[in-house]
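This report describes the fold of one protein chain, going from its sheet to its core and then to a few single residues. Please keep the sequence and the model in view while reading.

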Amino acid sequence: MNEFPLEITDTAVEALKAALQDQKKGTFIRAAIQGGGCSGLQYKIDFDTTCFDIDYMYNENGLKVAVDGYSSLY
């Protein structure tokens with residue numbers, strides 16, 4: 001996968017970068033999809049410090065974002 005799977009506005013990138021300043025060094029954003037039962041898929045965005053083998057790591061305008069292989073399909 002070569003393209004970034006999410007569209008993040010410049011305003012959101014700057015807000016997430018500002019939020020990361022309060023986190024420990026090496027923290028990045030993790031975006032994921034989770035099954036939501038009857039209500040369909042749920043989207044999750046969180047801080048993380050651990051990158052796994054199944055993750056794709058993207059750099060969107062200086063913002064590091066990890067997306068696992070399953071979530072990247074959506």
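In this predicted model, A31 stands opposite V67 in β4. The two strands concerned, β1 and β4, run parallel and are joined by three bridges. β1 also pairs with β2, here in the antiparallel sense and over eight bridges. Within that pairing, R30 faces D46 of β2. On the other side of the sheet order, β3, residues 55-60, pairs with β4 in the antiparallel sense over six bridges. Two residue pairs can be named there: Y58 stands opposite V65 in β4, and E60 stands opposite L63 in β4.

The pairings are listed below.

| Strands | Sense | Bridges |
|---|---|---|
| β1 and β2 | antiparallel | eight bridges |
| β1 and β4 | parallel | three bridges |
| β3 and β4 | antiparallel | six bridges |

Taken together, the four strands form an open sheet in the order β2-β1-β4-β3, with mixed pairing. β2 (41-48) and β3 are the edge strands; each has a single partner, so one side of each has no neighbour in the sheet. From one strand to the next the twist averages 25 degrees. β3 and β4 form a hairpin with two residues between the strands, and N61 in this hairpin has a positive phi near 55 degrees.

The helix α1 lies across β1, β2, β3 and β4, and runs at about 95 degrees to β4. β4 itself is mostly covered, with five of its six residues buried.

Which residues make up the largest nonpolar core? This core has nine residues: I8, V13, L20, I29, A31, Y58, L63, V65 and V67. At least two of its residues come from each of α1 (10-20), β1 (28-35) and β4 (63-68). The most is given by β4, with three residues. Some core members have already appeared as partners across the sheet: A31 with V67, and Y58 with V65.

T27 sits in the loop between α1 and β1. Is T27 buried or exposed? Its relative accessibility is 15%, and the cut-off for buried is under 20%, so T27 counts as buried. A polar atom of the T27 side chain lies 2.7 Å from the backbone oxygen of K24. Setting aside neighbours within four places in sequence, T27 is in contact with L20, F47, D48 and T49. Of these contacts, L20 is also listed in the largest nonpolar core.

The cysteines can be dealt with briefly. How many disulfides does the structure hold? The structure holds zero disulfides. C38 has a relative accessible area of 90% and is therefore exposed. C51, at a relative accessible area of 43%, is partly exposed.

Key
Residues numbered from 1 in each chain as written. Predicted model: local features only at pLDDT ≥ 70, side-chain atom pairs only at ≥ 80, totals over all residues. Heavy atoms only, no water. Core = buried A, V, L, I, M, F, W, Y, C linked by side-chain atoms within 4.5 Å. Buried < 20%, exposed > 50% of the residue type's maximum accessible area, 1.4 Å probe, protein only. Polar contact = N/O pair within 3.5 Å; in protein donor to acceptor, adjacent residues only side chain to side chain. Contact = heavy atoms within 4.5 Å. Pairing = 2+ DSSP bridges. Disulfide = S-S within 2.5 Å. Axes fitted to C-alpha atoms, helices over the stretch in contact; angles between N-to-C directions.
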